[in-house]
Amino acid sequence: MKTLKSLIALALAAGLANTPLGAQGRIGLLDQGHYVCALPGDATGTAWIEQEGKAFAITGGSSYRTERGAGTYLLEGKQVTFTRGPLKGMMLLKLSSGLLQEVDKGGKLSRLRCHRTGPLSE
């Protein structure tokens, strides 16, 4: 019985070792609408400091658009990666429906947050 438990533990460890580090879960879609990205302000001034060039709109499927053009993204589990277009390479973590936080190149959460401000205007 002890040998069986050891074999099962070894098989589980081998399976985890073969799982890509970037794999976060199921592929999904973000809620459609406009997203504004901002840094937190402070108590002496404005609560949020909007960041130019970071706003985007999720338009449908895995597509987005910005003032500079359109592109595609991949939502895998909670990890959002912009794969084409003006935001290519930008990564975000989905915190909740309509709230995302930027992940820096080192894999750590940055202070930049993007939140859904409303539906797409027709």
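**Exercise 1. Is Glu76 buried, partly exposed or exposed, and what is its relative accessible area?**

Solution.
Start with the source. This is a predicted model, where local features need pLDDT of at least 70, side-chain atom pairs count only at pLDDT 80 or more, and totals for chains, interfaces and linings use all residues. Residues are numbered from 1 along each chain as its sequence is written, and side-chain values use heavy atoms, with hydrogens and water left out.

- Step 1. Fix the classes: buried means under 20% relative accessible area, exposed means over 50%, and partly exposed lies in between (1.4 Å probe, protein chains only).
- Step 2. Glu76 has a relative accessible area of 23%, so it is partly exposed.
- Step 3. Place the residue: Glu76 belongs to strand 6, residues 69–76. Strands (E, at least two residues) and helices (H or I, at least four) are DSSP runs, numbered from the N terminus.
- Step 4. Look across the chain. Gly25 is 51 residues from Glu76 in sequence, yet their C-alpha atoms are 5.5 Å apart.

**Exercise 2. Describe the chain as a whole, including the confidence of the model.**

Solution.

- Step 1. Count the elements: 1 helix and 10 strands. Along the sequence they follow the pattern α-β-β-β-β-β-β-β-β-β-β.
- Step 2. Check confidence with pLDDT, the predictor's confidence in each residue, from 0 to 100. The chain average is 85, and 80% of the residues score at least 70.
- Step 3. Flag the weak stretch. Over residues 4–21, pLDDT stays under 50, and the model has 0 contacts beyond four places in sequence for them. Contact means heavy atoms within 4.5 Å.
- Step 4. Take the contacts with a separation of 6 or more: residues 24 or more positions apart account for 40% of them.
- Step 5. Turn to burial and surface. Of the 122 residues in the chain, 25% are buried. The accessible surface comes to about 8,300 Å², with 57% belonging to carbon and sulfur atoms. Areas come from the Shrake-Rupley method with a 1.4 Å probe; for residues, only the protein chains shown count as cover.

**Exercise 3. Trace the strand pairing from strand 7 to strand 10, then add strand 2.**

Solution.
Two strands pair if DSSP finds at least two bridges between them.

- Step 1. Strand 7 (residues 79–84) runs antiparallel to strand 8 (residues 91–96), joined by 3 bridges. Val80 stands opposite Leu92 of strand 8. The two strands form a hairpin with 6 residues between them, and Gly85 in the turn has a positive phi of about 95°.
- Step 2. Strand 8 is joined to strand 9 (residues 99–103) by 5 bridges, again antiparallel. Lys94 has Leu100 of strand 9 as its bridge partner. Here 2 residues lie between the strands of the hairpin, and Gly98 takes a positive phi near 85°.
- Step 3. Strand 9 pairs with strand 10 in the antiparallel sense over 4 bridges. Leu99 is partnered by His115 of strand 10, and Val103 stands opposite Leu109. This hairpin has 5 residues between the strands, with Gly107 at a positive phi near 90°.
- Step 4. Strand 10 (residues 109–118) also pairs with strand 2 (residues 33–40), antiparallel and over 5 bridges. Arg113 in strand 10 is the bridge partner of Ala38.
- Step 5. Return to strand 9. Because 4 of its 5 residues are buried, strand 9 is largely enclosed by the rest of the structure.

**Exercise 4. Characterise the surroundings of Ala55.**

Solution.

- Step 1. Locate Ala55: the loop between strand 3 (48–50) and strand 4 (56–60).
- Step 2. Its relative accessibility is 38%, so Ala55 counts as partly exposed.
- Step 3. Set aside neighbours within four places in sequence. Ala55 is then in contact with Tyr35 and Thr66.
- Step 4. Compare with His115, 60 residues away along the chain: the C-alpha atoms of Ala55 and His115 are separated by 9.4 Å.
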